[in-house]
Amino acid sequence: MSDKAFSVTQFVDIVNLSFEQFESVAVEGEISSSTKASSGHWYFSIKDEEAVLSCAMFRGKLYSVRGVFKVGDKVRVTGKPNLYPGSGKLTFICSKIEAAGEGKLYELFLRLKNELAALGWFDQNRKKLIPRVPRTIGIITSRTGAALQDVMNRLRERAPYVRVLLYHTAVQGKGAEAEIAQRINKANTDNKADVLLLVRGGGSLEDLWCFNEKIVAEAIVNSHIPIISGIGHETDTTIADFAADFRAPTPTGAAEAAAEKQSVLFYEIDSAWNLFHRSFENQFTSASRRGK
């Protein structure tokens with residue numbers, strides 16, 4: 001047995017050096033505690049039936065996190081362990097966090113995206129033009145969701161001249177994809193709207209999954225009414241966004257893209273009237289001079 005002993009600092013350094021030799025690893029568990037520090041860093045723990053792992057995600061990495069995670073959520077974290085010298089505490093330093101199972105869902109997303117792209121469903125030359133001044137806008141979303149209120153508030157501010165039709169649908173959970181497709185088809189059968197808004201607030205990849213189903217993309221592609229998608233946040237992109245005739249970053253953005261501002265239209269009408277009036281006066285003056 002060697003008589004040599006490491007100092008605590010030396011041993012901690014050796015342990016951390018051994019961790020650095022590994023590539024990032026992924027660990028799945030349930031969030032059991034969560035604290036957001038004043039520094040902006042996020043400290044939390046994940047657990048399973050027999051063990052607990054302390055985790056940290058630094059402020060600079062939080063900007064890439066999709067969705068909001070809370071105690072009780074099952075997550076998959078990717079990163080490396082680190083043994084802090086000051087406390088002797090082992091902490092998993094996270095570079096990424098996602099809902100457990102999102103990795104498999106993302107693989108399915110990429111597979112379907114490639115399949116539909118090969119069919120030409122996302123081709124730009126297939127997409128329909130969005131009318132600048134629609135008379136009626138159809139909104140496909142949940143009547144209880146915040147997305148509907150966001151859209152309605154923006155339309156009241158921007159285009160009070162527009163008539164609105166709501167096609168209520170579930171926007172999350174089992175069977176939501178079939179209901180969304182049915183509402184798109186119903187709006188086309190009614191043929192009362194000049195443009196359709198397909199909108200929903202933010203959420204995890206799993207929350208938004210119904211917008212990644214082929215049945216929804218097919219209904220969008222077959223719609224003779226142009227469709228604007230506004231699903232989730234700006235960083236969220238679904239199959240429905242690729243299939244839509246125009247993709248807005250948010251539900252509010254979809255409302256803005258759907259109708260021109262009333263004040264802009266009034267200005268253009270005034271300008272056109274003034275131009276017509278001046279042209280008429282000039283023609284009248286010229287005719288009067290020729291008559292003298």
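**Exercise 1. Work out how α5 and α6 lie against each other, starting from axes that come within 8 Å and cross at roughly 10°.**

Before you start: this is a predicted model, where local features need pLDDT of at least 70, side-chain atom pairs count only at pLDDT 80 or more, and totals for chains, interfaces and linings use all residues. Residues are numbered from 1 along each chain as its sequence is written, and side-chain values use heavy atoms, with hydrogens and water left out.

*Solution.*
- Step 1: Take the crossing angle of roughly 10°. It makes α5 roughly parallel to α6 (angles under 35 degrees count as roughly parallel). Axes here are lines fitted to C-alpha atoms, for helices over the stretch in contact, and angles run from 0 to 180 degrees between N-to-C directions. Helices (H or I, at least four residues) and strands (E, at least two) are DSSP runs, numbered from the N terminus.
- Step 2: List who touches whom, with contact meaning heavy atoms within 4.5 Å. From α5 come Glu177, Ala178, Ile180, Ala181, Ile184 and Asn185, and from α6 come Ile215, Val216, Ala219 and Ile220.
- Step 3: Sort them by class. You get eight nonpolar, one polar and one charged residues.

**Exercise 2. Find the buried residues of α6 and say what they pack against.**

*Solution.*
- Step 1: Check burial (buried means under 20% relative accessible area, exposed over 50%, partly exposed in between, with a 1.4 Å probe and protein chains only). In α6, residues 214-222, the buried ones are Val216, Ala217, Ala219, Ile220 and Val221.
- Step 2: Look around them. Their packing partners are three helices and two strands: α3 (102-118), α5 (176-190) and α7 (239-243), plus β8 (195-200) and β9 (227-231).

**Exercise 3. Lay out the sheet: what is the order of its strands, and which ones stand at the edges?**

*Solution.*
- Step 1: Read across the open sheet. Its five strands go β7-β6-β8-β9-β10, with parallel pairing (two strands pair if DSSP finds at least two bridges between them).
- Step 2: Spot the edges. β7 (163-168) and β10 (246-247) each have a single partner strand, so one side of each has no neighbour in the sheet.
- Step 3: Zoom in on β8 and β9. Five bridges join this parallel pair, and Arg200 has Ile231 in β9 as its bridge partner.
- Step 4: Add the helices. α5 packs on the sheet, touching β6 (136-141), β7, β8 and β9, and its direction makes about 145° with that of β7. α8 (residues 251-258) lies across β6, β8, β9 and β10, running at about 170° to β8.

**Exercise 4. Classify the pairs Tyr106 with Phe109 and Phe122 with Phe242.**

*Solution.*
- Step 1: Know the rule. Rings of Phe, Tyr and Trp (its six-membered ring) pair if their centres lie within 6.5 Å; planes under 30 degrees apart count as stacked, over 60 as edge-to-face and the rest as tilted. The structure holds three aromatic pairs.
- Step 2: For Tyr106 and Phe109, the centres are 5.7 Å apart and the planes at 20°, so this pair is stacked. Both sit in α3, three residues apart, about one turn of the helix. Tyr106 is partly exposed at 43% relative accessibility, while Phe109 is buried at 6%.
- Step 3: For Phe122 and Phe242, the centres are 5.5 Å apart and the planes at 35°, so this pair is tilted. It links distant parts of the chain, 120 residues apart: Phe122 is in the loop between α3 and β6, and Phe242 in α7. Phe122 is buried at 15%, and Phe242 is partly exposed at 25%.

Notes
Angles under 35 degrees count as roughly parallel, over 145 as roughly antiparallel, 65 to 115 as roughly perpendicular and the rest as oblique. Ala, Val, Leu, Ile, Met, Phe, Trp, Tyr, Cys and Pro count as nonpolar, Asp, Glu, Lys and Arg as charged, and the others, Gly among them, as polar.
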